Amino acid sequence: MLDVSKIVEPDRVRREAYTDAAVFDLEMQRIHETVWIYCGHQSQIPKVGDYYQVQIGRQPMLMVRGKDNKVHVLYNRCPHRGNMMCGDRHGNTGEQFRCSYHAWQFHHDGRLKQIPMMESGYAGTRLNKDSPELSMKRAARVESYRGFVFASLSATGPGLKEFLGKSIVAFDDMCDRAPEGEVEVVPNCFRVIQHSNWKLFMENQIDALHPSVVHQSTGRAAHEVEKQLAKKAKAGEALSYHMLSAFATVTIDKWDNFQTISYPYGHCVLAGYMGLRPQDPDTLAYDKIMIKKYGQKRFEEIVGVNIHHVLVYPGLSVQSPLQQLRAVRPLGVDKTLTEIWHFRLKGAPEPIYRRSLAYYNLVNSPATLINADDLENFWKCQQGLASDGGDWVSFGRFHGRDLEKNGVVETGPGMGTSEAPMRNQMKAWAQYMGNAR
Ligand code: FES
Ligand SMILES: [Fe+2]
């Protein structure tokens, strides 16, 4: 096997990090099956017995609501002969899990409830009803923050809050914008399978250099539509297109005015909310509810949070001001699933939700050109990296010119397109893989 210590240098990484199946297996084991991975939102499983399948690294897991109202995360495997416990992506398991093969039954927290004719069938064997190997295995650790559920398959390591560090702002920003202080999920997501390595997606999320190149044509088209809608006095629809064009028509030099802030564990924030403080009647109605709830000062603090994207490494990209996130589920060295979710602000008027939905459809859905243009580049990168045309991937832009303090790396003034976030991700990657340099 390749020596992983040779793969990463501070400003570049070898192509095998994206193409070697053995590297992929090792990163599943040392990263995705070790650190805190986003499972889902509690509102996906509101009732007792509700469950949702979730992939953590290579492990098929279940997130389930127990009788005590707690959320449990279990391996989706029957301890008897290994049958998958739930075949559906989500549903309600009723009073207990019941295996479809030989009817072993389990409580929602995974403990054995009943085996058909346990007494007679297992008398005198090594097994009795208290044997731990007769329970469904649980994720080593499960924690939630403001309704967002994470699990770690490792019993050791930092707690969730310590792990999230400053990236916790993603969930605070999203929930604080709700008059009731919390969000609820819109009950299904888009799922996209990309034929490329998971790291290409994560790197692209905070790549401030690419939008003005890749998304320029979409931005221009959206701007034309926006102008036509404005002429027809369709303010709400024009605003939806504005949110797309405002982001996709920013020129390269303007992206340098944005800032990225990279944190320990590979997390990163892209600051800049594109000045989206509209003054239309729907926004003003929402503002009024928020001010009544929080007071003018706190309201200004909440809507003044200036974030475009938060990357929670290694598996989550959050756009908190518009209540959406993408969860990354690696399937193979060149195959990655992304789940694209969006949320409602509890207590906010319906038009504010429609705005989030419009952004979801126009920017993040598989139907939008934005997504398609990114996907094409990911696939083309994967093709190029699989070739013998070169050994290294370069992250050298503005290398050595970022401002670093206590493990936090801020891009300097006018250097928003620095590749600092990719360097930071690969630094965390190398540390996880046991080869910090
Ligand atoms: S495999 Fe589940 S009860 Fe037999
Ligand atoms: Fe993009």
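Which helix gives the most to the lining of the second largest cavity? Keep that question in mind while we walk through this predicted model, beginning at the metal site and working outward from there.

The iron ion (ligand 2) is held by His210 and His215, each through NE2, and by two OD atoms of Asp374, at 2.1 to 2.3 Å. The angles among these 4 donor atoms run from 58 to 144°, and the site is irregular. Four donors would count as tetrahedral if all angles lay between 85 and 135 degrees, so a spread of 58 to 144° falls outside that description. Along the chain, the donor residues follow the spacing H-x4-H-x158-D. His215 sits in the loop between helix 7 (211-214) and helix 8 (216-231), while Asp374 belongs to helix 14 (residues 369-385), so this pair ties together parts that are 159 residues apart in sequence. If you look for His215 and Asp374 on the surface, you will not find them there, as both are buried.

One of the iron donors, His210, also leads us to our opening question. Together with Gln205, Phe247, His309 and Arg326, His210 lies nearest the centre of the second largest cavity, which has a lining of 19 residues. The space inside this cavity comes to about 160 Å³, and the model has 6 cavities of 30 Å³ or more. Several elements share in the lining: helix 6 (198-205), strand 17, helix 13 and helix 14 each supply at least two residues. The answer, then, is helix 13, which gives the most, with 3 residues. Helix 14 is one of the contributors to this lining, and it is also the helix that carries the iron donor Asp374.

Helix 13 turns up again in the nonpolar interior. The largest nonpolar core has 104 residues, and the members that touch the most others are Phe148, Phe171 and Trp429. Helix 13 (residues 350-364) provides the largest share of this core, with 7 residues. Trp429 is a good place to pause. Not counting residues up to four places away in sequence, Trp429 touches residues that include Val4, Ile7, Val8, Ala17, Val23 and Ile31, as well as Trp198, Lys199 and Tyr313. A second, separate core has 17 residues, among them Phe97, Trp104, Ile115 and Met118.

Phe171, another of the well-connected core members, takes us to helix 5 (residues 169-176), a mostly covered element with 7 of its 8 residues buried. The buried residues of helix 5 include Phe171, Asp172, Asp173 and Asp176. Asp172 has a relative accessibility of 19% and counts as buried, because the limit for that class is under 20%. Leaving aside neighbours within four places in sequence, Asp172 is in contact with Tyr145 and Arg146. From Asp172 to Asp402 the chain covers 230 residues, and their C-alpha atoms are 27 Å apart in space.

For contrast, consider Ser135 in the loop between helix 3 and strand 11 (141-145). Ser135 is partly exposed, at 22% relative accessibility. Its contacts beyond four places in sequence are Pro79, Phe106, Gly110, Arg111 and Leu112. Ser135 and Glu237 are 102 residues apart along the chain, and 53 Å separates their C-alpha atoms. Further along, Pro281 is found in helix 11 (residues 281-294) and is exposed, with a relative accessible area of 65%. The C-alpha atoms of Pro281 and Leu403 are separated by 42 Å, with their positions 122 residues apart in sequence.

Finally, let us turn to the backbone. Most residues other than glycine have a negative phi, and most peptide bonds are trans. Against that background, the bond from Tyr313 to Pro314 stands out as cis, with omega near 10°. Pro314 lies in the loop between strand 17 (307-312) and strand 18 (316-319), and Tyr313 is one of the residues that Trp429 touches. Met117 has a positive phi of about 50° in the loop between strand 10 (112-114) and helix 3 (118-122), where it is exposed, with a relative accessible area of 65%. Tyr265 also has a positive phi, near 70°, and is found in the loop between strand 15 (259-262) and strand 16 (268-271). Tyr265 is partly exposed, with a relative accessible area of 27%.

Conventions:
Residues numbered from 1 in each chain as written. Chains lettered and ligands numbered in written order. Predicted model: local features only at pLDDT ≥ 70, side-chain atom pairs only at ≥ 80, totals over all residues. Heavy atoms only, no water. Helix = DSSP H or I, 4+ residues; strand = E, 2+ residues; numbered from the N terminus. Buried < 20%, exposed > 50% of the residue type's maximum accessible area, 1.4 Å probe, protein only. Donors = N, O, S within 2.8 Å, 3.2 Å for Na, K, Ca; no water. Tetrahedral: all angles 85-135°; square planar, octahedral: opposite > 155°, others 65-115°. Core = buried A, V, L, I, M, F, W, Y, C linked by side-chain atoms within 4.5 Å. Contact = heavy atoms within 4.5 Å. 1 Å grid on protein atoms, 1.4 Å probe; cavity = no way out; pocket = protein on both sides within 12 Å on 5 of 7 lines; lining within 4 Å. Points joined across faces, edges and corners; volume = space filled by probe spheres on them.
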